[in-house]
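Work through the following exercises with the sequence and the model at hand, and try each task before reading its solution.

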Amino acid sequence: MIEATDESVIAIHWPDPDRILRNTTYPEDHCLPQALRELARYFSGKPIAFEVPLQPEGTPFQREVWAALLTIRRGETRSYADIAAQIGRVNAARAVGLAIAKNPIPIMIPCHRVVGSNGKLTGFSGGLDRKQWLLELEQDSGV
C-alpha cells in the first residue's frame with residue numbers, strides 16, 4: 001500500500017508488489033497515479049528513474065542516510081560502512097543500519113541495495129527473500 005499526500009509519496013507498506021500496485025482511482029493531479037506507473041515500470045524490469053516527489057518523515061540523520069541511498073544506482077550495492085563514509089560519519093555504520101531500517105519508502109528509496117560489508121544480504125523490511133528478488137530483478141533487467 002502506498003501512502004501519499006496530493007503532492008508526494010510518504011510511505012510504501014510491504015505486502016506483495018501486486019497489492020502495492022492495486023487499481024485505485026485518484027485524480028490525475030494526485031501523485032499516486034504517477035507513483036503507480038513508475039512502480040509498475042520498475043516491477044516489469046524496465047529502466048526507471050523515479051520522479052514522483054518523495055517526502056519521507058524522519059530525523060535529520062535519517063533523511064541524510066536516505067538521501068545517500070538515492071545515489072546507489074540500479075544493479076549496484078553498497079555496505080552500511082560505505083553509506084556511513086559517504087555521509088562523513090565513518091564510525092556510524094550501525095546508526096546507518098538503524099536509519100535504513102526506518103526507511104518509509106522502500107524501493108523508491110533503495111534500501112534493498114545495502115548489504116553487509118562481507119557482501120551478504122542483511123535485514124530488510126520486506127524480508128530477505130524480497131530483497132534478493134529485488135536485487136535479481138535489477139540485475140536481470142540489465143540496467
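**Exercise 1.** Decide whether Trp133 is buried, partly exposed or exposed, and then classify its pairing with Phe43.

*Solution.* Trp133 has a relative accessible area of 37%, and is therefore partly exposed, given that buried means under 20% relative accessible area, exposed over 50% and partly exposed in between, with a 1.4 Å probe and protein chains only. This is a predicted model, in which local features need pLDDT of at least 70 and side-chain atom pairs count only at pLDDT 80 or more, whereas totals for chains, interfaces and linings use all residues. Residues are numbered from 1 along each chain as its sequence is written, and side-chain values use heavy atoms, with hydrogens and water left out.

Next, take the geometry: rings of Phe, Tyr and Trp (its six-membered ring) pair if their centres lie within 6.5 Å, and planes under 30 degrees apart count as stacked, over 60 as edge-to-face and the rest as tilted. With 5.8 Å centre to centre and 25° between the planes, Phe43 and Trp133 form a stacked pair. Phe43 lies in helix α2 (residues 31-43) and Trp133 in helix α6 (residues 128-140), so this pair ties together parts that are 90 residues apart in sequence; such helices are DSSP runs of H or I with at least four residues, strands are runs of E with at least two, and both are numbered from the N terminus. Phe43, at a relative accessible area of 13%, is buried.

**Exercise 2.** How are the rings of Tyr42 and Phe50 arranged?

*Solution.* Their centres are 5.8 Å apart and their planes meet at 40°, so the pair is tilted. Tyr42 is buried at a relative accessible area of 1%, while Phe50 is partly exposed at 23%. Together, Tyr42, Phe43, Phe50 and Trp133 form one aromatic cluster.

**Exercise 3.** Which residue forms a salt bridge with Glu138, and is Glu138 buried or exposed?

*Solution.* The partner is Arg113, the closest N and O atoms being 2.9 Å apart, where a salt bridge is a side-chain nitrogen of Lys or Arg within 4 Å of a carboxyl oxygen of Asp or Glu. Glu138 lies in helix α6 and Arg113 in the loop between α5 and β4 (114-115), so the pair ties together parts that are 25 residues apart in sequence. Glu138 counts as buried at 1% relative accessibility, and Arg113 is buried with a relative accessible area of 8%.

**Exercise 4.** Where does the salt bridge partner of Arg89 lie?

*Solution.* Arg89 forms a salt bridge with Glu64, with 3.6 Å between the closest N and O atoms. Glu64 lies in helix α3 (residues 60-69), and Arg89 in the loop between α4 (80-86) and α5 (93-101).
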